[in-house]
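Student: Could you take me through the charged pairs, the strands and the cores of this structure, one question at a time?
Tutor: Gladly; here it is.

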Amino acid sequence: MRILIAEDDPALASFVKKGLEAEHYAVDISGDGEQARALAGEFSYDVVVLDLNLPKLDGVAILRYLRAKKPSIPILVLTGRNRVEDRVQCLDLGADDYLMKPFSFTELSARIRAILRRSHLPAESVLAVEDLKLDRVERRVERAGKRIELTSKEFALLEYLMRNAGRRITRAMIIEHVWNLSFDTCTNVVDVYVNYLRRKVDDGFSKRLIHTVRGVGYELSIRAGAGN
């Protein structure tokens with residue numbers, strides 16, 4: 001799942017980003033309000049963590065904008081403003097939750113999970129292909145009832161493949177969506193991580209799900225003949 005952190009304190013934003021990435025989220029950071037509004041408006045985020053005191057455009061304006069443009073996007077306000085009036089205003093404008101600074105990261109993480117559980121329907125939060133299941137909220141992967149432990153990037157890669165099950169996915173698409181980078185023809189990072197996934201997801205099972213599509217990239221599919 002992808003989270004946007006709109007926070008102008010670089011140290012705090014980096015701390016939150018590292019903590020969330022350790023829990024297998026993909027995280028983007030924005031240090032000013034105009035950029036945060038542009039990112040949230042253009043890309044699909046599962047949660048926006050929004051500071052109110054942002055330069056160029058404050059969090060309240062972003063909250064109003066997002067509720068008008070993307071009424072269903074979950075928004076957690078994370079701010080040092082401690083007045084009751086501020087909390088009431090944000091909640092009335094459509095914020096899903098409000099957390100005061102200073103805060104415990106474990107509480108922030110728990111609040112994000114709670115928002116995700118409320119905002120995602122079961123069909124959206126749990127992906128399934130054959131006997132492989134991925135829970136996007138609980139960050140859990142199982143095949144045939146057996147738990148599979150994945151790193152952050154392995155989880156993000158598997159989630160992307162499962163969300164596009166049955167489709168041929170190029171290496172460039174994977175690099176852009178999983179690593180948030182432009183494709184470099186000299187890198188083999190995608191192939192390396194696909195091999196990691198295959199060992200964990202396919203080894204020991206008679207039916208392979210991750211296939212190589214020669215000259216294109218990869219496909220996660222139950223169909224035979226998609227590749228190796």
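Tutor: A salt bridge is taken here as a side-chain nitrogen of Lys or Arg within 4 Å of a carboxyl oxygen of Asp or Glu. This is a predicted model, in which local features need pLDDT of at least 70 and side-chain atom pairs count only at pLDDT 80 or more, while totals for chains, interfaces and linings use all residues. Residues are numbered from 1 along each chain as its sequence is written, and side-chain values use heavy atoms, with hydrogens and water left out.

Student: What is the N to O distance in the salt bridge between arginine 163 and glutamate 159?
Tutor: Both residues belong to helix H7 (residues 152-163), and because they are four residues apart, about one helical turn separates them; helices (H or I, at least four residues) and strands (E, at least two) are DSSP runs numbered from the N terminus. Their side chains meet in a salt bridge with an N to O distance of 3.9 Å.

Student: Is glutamate 159 buried or exposed?
Tutor: The cut-offs are under 20% relative accessible area for buried and over 50% for exposed, with partly exposed in between (1.4 Å probe, protein chains only). Arginine 163, at 54%, is exposed. Glutamate 159 has a relative accessible area of 5%, so the residue is buried.

Student: How many residues apart in sequence are the parts tied together by arginine 136 and aspartate 46?
Tutor: The side chains of arginine 136 and aspartate 46 form a salt bridge at 3.4 Å, N to O. Arginine 136 sits in the loop between strand E7 (132-135) and strand E8 (140-143), and aspartate 46 in the loop between helix H2 (33-42) and strand E3 (47-50), so the parts that they tie together lie apart in sequence by 90 residues.

Student: Which residues are linked with Asp46 in a network of salt bridges?
Tutor: Arginine 136 is buried at 6% relative accessible area, and aspartate 46 is buried at 12%. The network that holds Asp46 also links Arg136, Glu159 and Arg163.

Student: Which residues is lysine 207 in contact with, leaving aside its neighbours within four places in sequence?
Tutor: Lysine 207 lies in the loop between H9 and E11 and is partly exposed, with a relative accessible area of 36%. Its side chain meets that of glutamate 130 in a salt bridge of 3.0 Å, N to O. Counting heavy atoms within 4.5 Å as contact, and with those neighbours set aside, lysine 207 touches Glu130, Arg143 and Asp202.

Student: Which residue in E5 does valine 77 stand opposite?
Tutor: Strands E4 (residues 75-79) and E5 (residues 97-100) run parallel and are joined by four bridges, where pairing requires that DSSP finds at least two bridges between two strands. Opposite valine 77, in E5, stands tyrosine 98.

Student: Which element gives the largest share of the largest nonpolar core?
Tutor: A nonpolar core is a set of buried Ala, Val, Leu, Ile, Met, Phe, Trp, Tyr and Cys residues joined through side-chain atoms within 4.5 Å. The largest one has 28 residues, and those with the most contacts inside it are Leu132, Leu158, Ile174 and Leu220. Among the elements that give two or more residues to this core are E6, E7 and H9. The largest share, seven residues, comes from H7.
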